[in-house]
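Subject: Structure handed over, with notes

Dear colleague,

Please find below the structure that I promised to pass on to you. My notes on what was found in it follow directly after.

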Amino acid sequence: MTAARQLTINKEIVTVESPDDEPLLWVLRDRLNLVGTRFGCGEGECGACTVLIGGRPVTSCSIRVGDVSGPVTTVEGLASPDGTLHRLQQAFFDLQAGQCGYCISGILMRAVALVDRRGADLTEAEVRLELDAHLCRCGDHTRIVAAVLHAAGAQQ
Ligand code: FES
Ligand code: FES
């Protein structure tokens with residue numbers, strides 16, 4: 001059923017009209033023009049479309065918009081309003097983690113949740129396990145893991 005619904009996206013309340021069963025990813029990209037969230041496989045397998053819902057990473061291709069029950073954060077919501085990058089974004093930039101960048105927005109979102117949860121106690125093994133849900137066809141895993149640990153202030 002198509003309905004107008006209110007969603008909280010990046011701390012703003014927005015109204016969108018869409019079918020209940022439309023994937024959140026389509027709503028973000030096609031209705032709200034938040035194209036930083038990427039379409040990869042469309043089947044919950046690659047992690048490219050990961051956003052935070054209520055602070056937890058969720059593949060937005062796999063959840064119907066009608067089932068979204070918490071505030072959504074996309075990669076566009078990470079930086080401060082004055083343009084200051086989130087510490088994870090800054091670490092990825094500083095360590096040049098990522099080549100084509102296609103996978104990075106999804107990885108950033110999962111990493112934000114991980115670093116928020118574990119802080120400086122985070123270990124390399126935990127980062128590798130958590131990011132196993134994400135495919136990076138450029139094979140930039142080593143620098144990505146290093147950037148996450150750097151942002152967490154963890155030992156490397
Ligand atoms: S596009 Fe959603 S997991 Fe691949
Ligand atoms: S940086 Fe290209 S797919 Fe990961």
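Strand E2 (12-19) is among the parts that cover the buried residues of helix H1, a helix that runs over residues 24-31 and in which Leu24, Leu25, Val27 and Leu28 are buried. Just after H1, the backbone at Asn33 takes a positive phi of about 60 degrees. Please keep in mind throughout that this is a predicted model.

As to the overall layout, the secondary structure of the protein comes to five helices and five strands, and from the N terminus on these elements follow one another in the order β-β-α-β-β-β-α-α-α-α. The C-alpha trace spans about 50 × 30 × 25 Å along its principal axes. The radius of gyration of the protein is 15 Å, which agrees with the value near 15 Å that a compact globule of 156 residues would have. Of the 156 residues, 39% are buried, and among the contacts with a separation of 6 or more, 56% are made by residues 24 or more positions apart.

The domain assignment of the protein gives domain 1, covering residues 2-77, and domain 2, covering residues 87-152, and the centres of these domains, taken over C-alpha atoms, are separated by 21 Å. Where they meet, 14 residues of domain 1 are in contact with 13 residues of domain 2. On the domain 1 side of this meeting, strand E3 (50-53) and strand E4 (56-59) each supply at least two residues, with E3 giving the largest share, three residues. By character, the residues on that side of domain 1 divide into seven nonpolar, five polar and two charged.

E3 and E4 also belong together as a pair, since they run in the antiparallel sense over four bridges, and one of the residues involved, Val51, has Val58 in E4 as its bridge partner. The hairpin of E3 and E4 has two residues between the strands, and Gly54 in this hairpin takes a positive phi near 60 degrees.

Turning to the interior, the largest nonpolar core has 41 residues, and those with the most contacts inside it are Leu88, Leu108, Ala111, Val115, Ile144 and Val148. Two or more residues of this core come from each of H1, E3, helix H2 (87-94), helix H3 (104-118) and helix H5 (141-152), and the largest share, eight residues, is that of H3. The core draws at least three residues from domain 1 and at least three from domain 2. For Ile144, leaving aside residues up to four places away in sequence, the residues touched are Ala97, Gly98, Ile107, Leu131 and Cys136.

One last position may be worth a look, namely Ser69, which is found in the loop between E4 and strand E5 (72-73). Is Ser69 buried or exposed? Ser69 counts as exposed because it has 8 C-beta neighbours inside 10 Å, where a count of 12 or fewer is the cut-off for that label. Although Ser69 and Leu7 are 62 residues apart along the chain, their C-alpha atoms are separated by 8.6 Å.

With best regards

Notes. Residues numbered from 1 in each chain as written. Chains lettered and ligands numbered in written order. Predicted model: local features only at pLDDT ≥ 70, side-chain atom pairs only at ≥ 80, totals over all residues. Domains from an automatic or database assignment. Contact = placed C-beta atoms within 7 Å. Nonpolar A, V, L, I, M, F, W, Y, C, P; charged D, E, K, R; others polar. Buried ≥ 20, exposed ≤ 12 C-beta atoms within 10 Å, placed from the backbone. Core = buried A, V, L, I, M, F, W, Y, C linked by C-beta atoms within 7 Å. Pairing = 2+ DSSP bridges. Rg over C-alpha atoms; globule rule 2.2 N^0.38 Å.
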